[in-house]
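Work through the exercises below with the model open. Each task is followed by a solution in steps.

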Amino acid sequence: LEGEKEQYYLISYKYPVARFGKKALEENTTITLYENTNIIKMTVAEENIKAFSVSEEFLTFYYELSDEEMDFYHSLVE
(Lines give C-alpha, C1' and ligand atoms only; values in the text may rest on other atoms or scores of the structure.)
Protein backbone atom coordinates (compact mmCIF):
# COMPACT_ATOMS: atom_id res chain seq x y z
CA LEU A 1 0.00 0.00 0.00
CA GLU A 2 3.01 2.27 -0.16
CA GLY A 3 2.11 5.37 -2.13
CA GLU A 4 -1.64 4.63 -2.08
CA LYS A 5 -3.85 7.46 -0.88
CA GLU A 6 -6.12 6.85 2.10
CA GLN A 7 -9.69 7.57 1.08
CA TYR A 8 -12.03 6.77 4.01
CA TYR A 9 -11.92 5.74 7.65
CA LEU A 10 -14.66 3.63 9.22
CA ILE A 11 -14.38 3.70 13.01
CA SER A 12 -16.41 1.38 15.22
CA TYR A 13 -17.07 2.13 18.87
CA LYS A 14 -18.27 0.03 21.76
CA TYR A 15 -20.17 0.93 24.88
CA PRO A 16 -18.27 0.00 28.07
CA VAL A 17 -19.60 -3.12 29.76
CA ALA A 18 -19.02 -1.82 33.30
CA ARG A 19 -22.23 -0.86 35.06
CA PHE A 20 -20.61 1.97 36.95
CA GLY A 21 -17.86 4.42 36.16
CA LYS A 22 -16.83 5.54 32.70
CA LYS A 23 -19.83 5.63 30.35
CA ALA A 24 -18.28 7.19 27.22
CA LEU A 25 -17.97 5.19 24.02
CA GLU A 26 -14.61 3.51 23.45
CA GLU A 27 -12.96 3.09 20.07
CA ASN A 28 -12.94 -0.54 18.96
CA THR A 29 -11.53 -0.80 15.41
CA THR A 30 -10.64 1.43 12.47
CA ILE A 31 -10.97 0.29 8.86
CA THR A 32 -9.04 2.30 6.28
CA LEU A 33 -10.11 2.24 2.62
CA TYR A 34 -7.59 3.21 -0.03
CA GLU A 35 -8.13 4.67 -3.51
CA ASN A 36 -7.72 2.36 -6.53
CA THR A 37 -7.22 -0.86 -4.55
CA ASN A 38 -9.32 -3.59 -2.94
CA ILE A 39 -7.02 -3.87 0.06
CA ILE A 40 -8.19 -2.50 3.40
CA LYS A 41 -6.33 -2.00 6.66
CA MET A 42 -8.03 -2.88 9.94
CA THR A 43 -6.48 -1.59 13.17
CA VAL A 44 -7.66 -2.75 16.58
CA ALA A 45 -7.53 -0.02 19.24
CA GLU A 46 -4.83 -0.63 21.86
CA GLU A 47 -7.34 0.07 24.63
CA ASN A 48 -9.07 -3.25 23.80
CA ILE A 49 -6.17 -5.21 25.26
CA LYS A 50 -6.49 -4.68 29.00
CA ALA A 51 -4.12 -7.30 30.45
CA PHE A 52 -0.84 -6.21 28.82
CA SER A 53 0.68 -3.86 26.27
CA VAL A 54 0.64 -4.92 22.60
CA SER A 55 2.57 -3.16 19.85
CA GLU A 56 0.47 -1.55 17.09
CA GLU A 57 2.14 -3.76 14.47
CA PHE A 58 0.38 -6.78 16.04
CA LEU A 59 -2.97 -4.98 16.04
CA THR A 60 -2.96 -4.10 12.31
CA PHE A 61 -4.35 -6.46 9.67
CA TYR A 62 -4.62 -6.19 5.89
CA TYR A 63 -7.35 -7.82 3.80
CA GLU A 64 -7.95 -8.11 0.08
CA LEU A 65 -11.68 -7.83 -0.65
CA SER A 66 -13.86 -8.65 -3.64
CA ASP A 67 -15.45 -5.86 -5.67
CA GLU A 68 -18.82 -6.60 -4.02
CA GLU A 69 -17.33 -6.25 -0.54
CA MET A 70 -15.64 -2.98 -1.49
CA ASP A 71 -18.94 -1.70 -2.90
CA PHE A 72 -20.54 -2.48 0.46
CA TYR A 73 -17.90 -0.53 2.41
CA HIS A 74 -18.20 2.41 -0.01
CA SER A 75 -22.00 2.36 0.43
CA LEU A 76 -21.47 2.91 4.16
CA VAL A 77 -19.40 6.05 3.72
CA GLU A 78 -20.97 7.68 0.67
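The exercises go from the whole chain to a single residue.

This is a predicted model, in which local features need pLDDT of at least 70, side-chain atom pairs count only at pLDDT 80 or more, and totals for chains, interfaces and linings use all residues. Residues are numbered from 1 along each chain as its sequence is written, and side-chain values use heavy atoms, with hydrogens and water left out.

**Exercise 1.** State in what order the elements of the protein run, and compare its radius of gyration with the globule rule.

*Solution.*
- Step 1. Helices (H or I, at least four residues) and strands (E, at least two) are DSSP runs, numbered from the N terminus.
- Step 2. The protein has one helix and four strands, and from the N terminus the order is β-β-β-β-α.
- Step 3. The radius of gyration, taken over C-alpha atoms, is compared with 2.2 Å times the number of residues to the power 0.38.
- Step 4. For 78 residues the rule gives 12 Å, and the protein has 15 Å, well over that, so it is more spread out than a compact globule.

**Exercise 2.** Locate Thr-37 and decide whether Thr-37 is buried or exposed.

*Solution.*
- Step 1. Thr-37 sits in the loop between strand 2 (26-34) and strand 3 (39-44).
- Step 2. Buried means under 20% relative accessible area and exposed over 50%, with partly exposed in between (1.4 Å probe, protein chains only).
- Step 3. At 18% relative accessible area, Thr-37 is buried.
- Step 4. Leaving out residues up to four places away in sequence, Thr-37 touches Leu-1 and Met-70 (contact: heavy atoms within 4.5 Å).
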